[in-house]
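Me: I am new to this structure, and I would like a close look at a single part of it. Please start with one residue and build the picture outwards from there.

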Amino acid sequence: MKKSAFILLTVLVLTGQSFYSCKKALQQPPLGSVSEELVANKNGVNSLLIGAYAALYGMQGENQSLGGGEAWQGSPSNWVFGSIAGGDASKGSDGSDQPAIDPIANFYSDANNAYYNGKWKALYEGVSRTNNVLKFLAKATDITPEEGKIIAGQARFLRAHFYFEIKKFWNNAPWIDETTTDFNQPVSTELWAKITSDFKFAYENLPATQGETGRVNKWAAGAYLAKSYLYQKKYADAKAVFDVVIPSGVTSSGKKYDLNALFEDNFLPGKENNPEEVFTIQMAANADPSGPTSGNNGDMLNFPYGGSPFGCCGFFQPSIDLVNRFRTNETTGLPYLSNYNDYAVKNDMGVGGGTEFIPDQGTLDPRIDWTAGRRGIPYLDWGNYPGAAWIRDQSYGGPYGPKKNIYWQKTAATDADKTTWAPGSAINYLVIRFADVLLQAAECEAQAGSLATAQQYVNRVRARAANKEGWVYKYIDDSNPLGGFSDVPAANYKVSAYPAGDFASQGQAYALSAIYYERKIELAMEGHRFFDLVRWGIAEKELNAYFNFQGKITSDVRRGKFTSGRNEYYPVPQRQIDLSIQGGKKILTQNPGYN
């Protein structure tokens with residue numbers, strides 16, 4: 001499904017632009033009327049299903065999110081709402097560029113912020129498209145019951161995904177399904193039950209493998225079902241599903257779930273559709289001549305700036321706090337779980353390009369240099385990261401550059417999309433990867449008191465990080481980065497497994513802190529952090545500590561303050577509330593603290 005199945009423009013024409021849109025409260029203007037004769041059949045329903053998959057991108061057209069707004073508002077990576085708001089990254093660029101992100105990062109935004117409305121519309125467009133699949137599937141007469149279950153399983157999986165996002169963003173929101181006739185609905189307090197029901201149906205009815213790798217399968221549904229239980233703190237239910245998914249699950253193409261041998265392979269288009277991909281949004285460079293619509297254009301701002309070869313735009317800089325978390329104890333190779341900032345990684349804040357800078361010489365987790373661009377360390381095959389020369393305003397966003405979303409120079413011809421003013425790429429967005437599954441399962445085991453098993457899952461992730469084949473190495477010749485790498489590590493890497501019996505001997509609280517820390521460094525910059533902090537109930541403590549530390553170094557978060565009882569969820573977009581009129585009254589309600 002990587003390339004062909006997401007060529008949506010042709011599909012839209014063939015189906016008469018046939019996607020209904022939820023009206024009023026969901027504010028998606030209709031894209032055209034639906035011809036039942038055209039779509040209530042196998043070909044039509046499958047075209048609608050492809051359109052539902054395409055909604056995973058959260059955008060349509062050049063730089064535009066579904067339903068209007070800018071592409072980065074609806075980005076499926078949640079780089080603003082999950083990573084920046086979670087302290088993984090600074091906004092980057094400078095304070096005058098995309099200023100609406102600053103109040104989100106600092107938790108003082110109100111319901112009129114356009115980013116919320118853009119994300120809301122993108123997600124509900126996805127809901128609308130999945131509902132159309134189910135609606136016309138019920139009317140099609142040339143689809144067998146078995147085919148119907150597989151189509152419905154995919155549509156309900158996708159609907160559950162969109163609603164999972166809606167739930168973690170806003171908590172209570174309108175539920176719209178294929179039977180809804182009045183789209184102007186109040187918020188529902190039963191979203192978890194409905195999300196779980198959809199994932200259960202998908203888990204029970206989807207096949208183990210699919211003919212196209214981009215289509216979801218039984219095991220992706222199982223992993224997502226378990227994740228939905230975890231978010232509800234139903235640890236025993238989640239554990240029961242993880243206990244099946246981890247040993248038995250396979251990708252849609254039939255590869256047994258496993259960690260990639262090398263950490264970097266998760267972010268290489270040439271290694272995509274690998275055993276670690278559980279649920280992936282398939283990206284393709286140069287698929288649309290009008291712009292990178294299928295090539296991560298929701299993240300097109302997130303490349304180094306200035307003299308870099310990418311041209312734009314300097315956003316999404318790894319935070320100093322994040323980079324410090326990769327420090328390891330020189331004796332044990334373990335992280336400093338509570339006082340990592342006391343062992344700060346040396347950086348080049350305020351050190352000009354003409355001044356010699358020697359990178360940190362202490363022991364570090366090697367994942368640091370696949371996550372953050374650091375001065376003097378190879379930046380893939382683009383040369384040693386130069387520091388401030390590639391940063392728009394170091395005093396505002398800090399000294400580091402993003403790395404997981406960056407394509408390599410040697411494969412830029414196929415992996416980069418430069419059809420518009422900022423780059424896109426063919427790097428898939430990994431909604432769920434197997435390392436994520438293992439760490440979620442570790443949480444469930446720790447909550448159940450199975451600390452030895454929890455430690456096994458964490459150590460499995462750390463063992464991959466310790467694989468020397470997957471470390472970053474110095475160039476053979478710094479002046480010729482395309483000439484290859486030497487056998488000299490780029491930094492003093494040391495990462496070790498937790499010693500036998502460590503979790504059991506130190507107790508559940510320690511085990512959970514180690515698991516939470518591992519998620520932070522393994523999944524850094526992948527859009528999870530804010531939502532993890534909220535579900536763990538530690539967002540106020542962690543984020544205010546982050547603001548206190550980071551705000552003394554960079555100016556971007558000096559106004560930051562997280563308030564419990566308010567900031568766990570984002571405000572319902574005021575535009576949606578204003579349009580939710582029924583009987584002369586607004587029926588959508590605002591989340592606590594935003595009125």
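## A close look at one loop

Reply: S109 has a relative accessible area of 5%, so it is buried (buried means under 20% relative accessible area, exposed over 50%, and partly exposed in between, with a 1.4 Å probe and protein chains only). Before going on, please keep in mind that this is a predicted model, in which local features need pLDDT of at least 70 and side-chain atom pairs count only at pLDDT 80 or more, while totals for chains, interfaces and linings use all residues. Residues are numbered from 1 along each chain as its sequence is written, and side-chain values use heavy atoms, leaving out hydrogens and water.

Now, where does S109 lie? You will find it in the loop between α5 (101-106) and α6 (114-137). These names come from DSSP runs numbered from the N terminus: helices are H or I runs of at least four residues, and strands are E runs of at least two.

What surrounds S109? If you leave aside its neighbours within four places in sequence, S109 is in contact with P103, I104, Y116, R566 and Y594 (contact means heavy atoms within 4.5 Å). With Y116 there is also a polar contact of 2.4 Å, side chain to side chain. A polar contact is a pair of N or O atoms within 3.5 Å; within protein, one atom must be able to donate a hydrogen and the other to accept it, and residues adjacent in sequence count only if both atoms are side-chain atoms.

F107 shares the loop between α5 and α6. Look at its backbone: phi of F107 is positive, about 65°, although this residue is not a glycine. F107 is buried as well, because its relative accessible area is 7%.

Next, step back into helix α5, where D102 lies. D102 counts as buried because its relative accessible area is 10%. The side chains of D102 and Y396 make a polar contact of 2.5 Å. Not counting residues up to four places away in sequence, D102 touches K91, G95, Y108, Y396 and D556.

One more stop in this part is Q98, in the loop between β1 (89-92) and α5. Q98 is not a glycine, yet its phi is positive, near 50°. Its relative accessibility is 15%, so Q98 counts as buried too.

For contrast, try a residue elsewhere in the chain: G537, in the loop between α19 (529-536) and α20 (539-550). G537 counts as exposed because its relative accessibility is 63%. A different kind of backbone feature is the cis peptide bond between C312 and C313, with omega about 10°. C313 belongs to the loop between β2 (277-281) and β3 (315-318).

Finally, here is some helix packing to set beside the loops. Two packed helices are described by the angle between their axes and the distance between the axes. Here, axes are lines fitted to C-alpha atoms, for helices over the stretch in contact, and angles run from 0 to 180 degrees between N-to-C directions.

Helix α3 (residues 42-54) packs with α7 at about 25°, the axes being 10 Å apart. The two are therefore roughly parallel (under 35 degrees; over 145 is roughly antiparallel, 65 to 115 roughly perpendicular, and the rest oblique). Their crossing is left-handed, a term for a near helix turned anticlockwise from the far one by less than a right angle, with right-handed for clockwise. The α3 side brings K42, V45, N46, L49, A52 and Y53, which meet E147, I151, Q154, A155, L158 and F162 in α7. By class, this contact has 8 nonpolar, 2 polar and 2 charged residues. Ala, Val, Leu, Ile, Met, Phe, Trp, Tyr, Cys and Pro count as nonpolar, Asp, Glu, Lys and Arg as charged, and the others, Gly among them, as polar.

Helix α7 (residues 145-170) also meets helix α9 (residues 218-231): their axes come within 11 Å and cross at roughly 25°. On the α7 side are F157, H161, F164 and K168, and on the α9 side A220, A221, Y224, K227, S228 and Y231.
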